[in-house]
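Colleague: I am new to this structure and should be grateful for a close look at a single part of it. Please choose one residue and set it within the chain as a whole.

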Amino acid sequence: MAEAKAEMRKPVLTKVNQLRPGTSGHTLTVKVVSSKMVMQKGRSDGPQMRQMRISECLVGDETGMIVFTARNDQVDIVKPDATIILRNAKIDMFKGSMRLAVDKWGRVEATDPSDFSVKTDNNLSLLEFEMVNVVE
């Protein structure tokens, strides 16, 4: 039965400048440029107290930068100057601009420091997109 199981395929690394609205399943290796906590609150759901944290981070590679929204445990991993791997990342749209996010089906991992420098003059989150309905 083990031979019948399909072999796992290697992930295809995506560069930041290849990201487009509405896409998902991206694997990226990026460097964290900056990180800012935007929400931190505790809430009680039943017997235990859960804390919710959201941090907006500017991440990028040698092709560009984008805003990454880190949630809860991801906030501890995404620190400035850290190199991270985002697995199964998706693009969320927020007020017409792209944001990178990793939900429960993805993974954020710290990795060895990389030798590339982030291209800071190509911020994809500053591009504004507009939804257009095409009537045929």
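Modeller: Helices and strands are here DSSP runs, of at least four residues for a helix and at least two for a strand, numbered from the N terminus. In this predicted model, the elements follow the order β-β-β-α-β-β-β from the N terminus, that is, 1 helix and 6 strands. The chain has 136 residues, of which 35% are buried. Its accessible surface is about 9,500 Å², and carbon and sulfur atoms hold 51% of that area.

The part I propose to examine is proline 11, which belongs to the segment before strand S1 (24-45). Proline 11 is classed as partly exposed because its relative accessibility, 48%, lies between the limits of 20% and 50%. Beyond its neighbours within four places in sequence, proline 11 touches Thr27 and Arg87. Glycine 25 stands 14 residues away from proline 11 in sequence, with 9.5 Å between the two C-alpha atoms. As for the chain in general, among contacts with a separation of 6 or more, 60% join residues 24 or more positions apart.

Methionine 93 may serve as a second case. This residue is located in strand S4 (residues 83-94) and is likewise partly exposed, its relative accessible area being 38%. Together with Leu127 and Phe129, Met93 makes a nonpolar surface patch of about 260 Å².

Finally, a word on aromatic rings: the structure contains 0 aromatic pairs. Lysine 31, however, is placed over the face of phenylalanine 116, 5.3 Å from the ring centre.

Key:
Residues are numbered from 1 along each chain as its sequence is written. This is a predicted model: local features need pLDDT of at least 70, side-chain atom pairs count only at pLDDT 80 or more; totals for chains, interfaces and linings use all residues. Side-chain values use heavy atoms; hydrogens and water are left out. Rings of Phe, Tyr and Trp (its six-membered ring) pair if their centres lie within 6.5 Å; planes under 30 degrees apart count as stacked, over 60 as edge-to-face and the rest as tilted. A charge sits over a ring if NZ of Lys or CZ of Arg is within 6 Å of the ring centre and within 35 degrees of the ring normal. Patches are made of residues with over 30% relative accessible area and no salt bridge: like charges are joined within 9 Å, nonpolar side chains (Val, Leu, Ile, Met, Phe, Trp, Tyr) within 5 Å. Accessible areas come from the Shrake-Rupley method with a 1.4 Å probe; for residues, only the protein chains shown count as cover. A salt bridge is a side-chain nitrogen of Lys or Arg within 4 Å of a carboxyl oxygen of Asp or Glu. Buried means under 20% relative accessible area, exposed over 50%, partly exposed in between (1.4 Å probe, protein chains only). Contact means heavy atoms within 4.5 Å.
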